[in-house]
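Open your viewer and get a cartoon view ready. We will go from the whole chain down to single residues, with a selection to make at each stop.

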Amino acid sequence: MFLKEIINLFKGLFTVFKHLFKRPVTLEYPEKRRCLNDVFRGKPEVQGCIGCGICKKVCPAGAIKFDKDESGKVYNFEFDFKKCIVCGNCSFYCPKGAIKMTKEYELATSDKENLTLKYRGGADD
Ligand code: SF4
Ligand code: SF4
């Protein structure tokens, strides 16, 4: 029993020393950040929406909503980032290229209201 504990102690020490001289795999975030690759998807943004509704249909999370006035102008465009899984479907299928997946990913907040990403006009703003 005692011998087993000694062996486990040395196994632990071996693991520590094995990694002591290797390059760290983590970064001192937030002082240092990794470069994001081209296909990284972060917070979605909208500009130039015509209100066709395709993004709503292809969103698997039901995270998009907007209203339209009598003239068909889009307003109150919202992404619910509590639901959004950042799949990029909305951006991919939008016929106007109105939705862009930005590289913004630091969206942690203590107020869940901040997770509703609002674009007042949707079409023009
Ligand atoms: S964002 Fe694109 S897909 Fe969604 S309603 Fe507007 S134009 Fe249509
Ligand atoms: S990225 Fe995906 S989950 Fe998020 S709003 Fe677009 S379609 Fe919906």
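Before the first selection, one definition: two residues are in contact if their C-beta atoms, placed from the backbone, lie within 7 Å. Among contacts in the protein between residues at least 6 apart in sequence, 71% join residues at least 24 apart.

A word on what you have loaded: this is a predicted model, in which local features need pLDDT of at least 70 and side-chain atom pairs count only at pLDDT 80 or more, while totals for chains, interfaces and linings use all residues. Residues are numbered from 1 along each chain as its sequence is written, and chains are lettered from A and ligands numbered from 1 in the order in which they are written.

**Stop 1: the whole chain**

Select everything and colour by secondary structure. You should find three helices and five strands; helices (H or I, at least four residues) and strands (E, at least two) are DSSP runs, numbered from the N terminus. Reading from the N terminus, the order is α-β-α-β-β-α-β-β. The protein is more spread out than a compact globule, because its radius of gyration, taken over C-alpha atoms, is 23 Å, well over the 14 Å that the globule rule gives for 125 residues. That rule is 2.2 Å times the number of residues to the power 0.38. Turn the C-alpha trace along its principal axes and it spans about 80 × 30 × 25 Å.

Now colour by burial. A residue is buried if 20 or more other C-beta atoms lie within 10 Å of its own, exposed if 12 or fewer, and partly exposed in between, with C-beta atoms placed from the backbone. Buried residues make up 15% of the 125 residues.

**Stop 2: helix H1**

Select residues 2-20, which are helix H1. How many of its 19 residues are buried? The count is zero, and H1 is hardly covered. Try the distance tool on its end C-alpha atoms: they are 27 Å apart, which agrees with the 27 Å that 19 residues should span at 1.5 Å a residue. The expected span is 1.5 Å times one less than the number of residues in the helix.

**Stop 3: the loop after H1**

Move on to the loop between H1 and strand E1 (44-46), where you will find Cys35. Cys35 is exposed, with 5 other C-beta atoms within 10 Å. Draw a line from Cys35 to Lys4: the two are 31 residues apart in sequence and 45 Å apart in space, C-alpha to C-alpha. Pro30 is also in the loop between H1 and E1. Zoom in on the peptide bond joining Tyr29 and Pro30, which is cis, with omega about 10 degrees.

**Stop 4: the sheet**

Next, show strands E2, E3 and E5, which form an open sheet in the order E2-E3-E5 with antiparallel pairing. Two strands pair if DSSP finds at least two bridges between them. E2 and E5 (116-119) are the edge strands, each pairing on one side only.

E2 and E3 pair over four bridges. Pick Asp67 and you will see Tyr75 of E3 opposite; pick Lys68 and its bridge partner is Val74 in E3. Five residues lie between the strands of this hairpin, and among them Gly72 takes a positive phi near 90 degrees. On the other side, four bridges join E3 to E5, and Phe79 has Leu117 in E5 as its bridge partner.

**Stop 5: two positive phi values**

Stay in strand E3 and select Asn76. Its phi is near 55 degrees, a positive value in a residue other than glycine. Asn76 is partly exposed, with 13 other C-beta atoms within 10 Å.

Then follow the chain to Val86, in the loop between E3 and helix H3 (89-93). Val86 is not a glycine either, yet has a positive phi of about 55 degrees. Val86 is partly exposed, with 16 other C-beta atoms within 10 Å.

**Stop 6: the core**

Which residues have the most contacts inside the largest nonpolar core? Select Val46, Ile64 and Phe77; the core has 15 residues. A nonpolar core is a set of buried Ala, Val, Leu, Ile, Met, Phe, Trp, Tyr and Cys residues joined through C-beta atoms within 7 Å. Strands E2 (64-68) and E3 (74-80) each supply at least two residues of this core, and E3 gives the most, with three.
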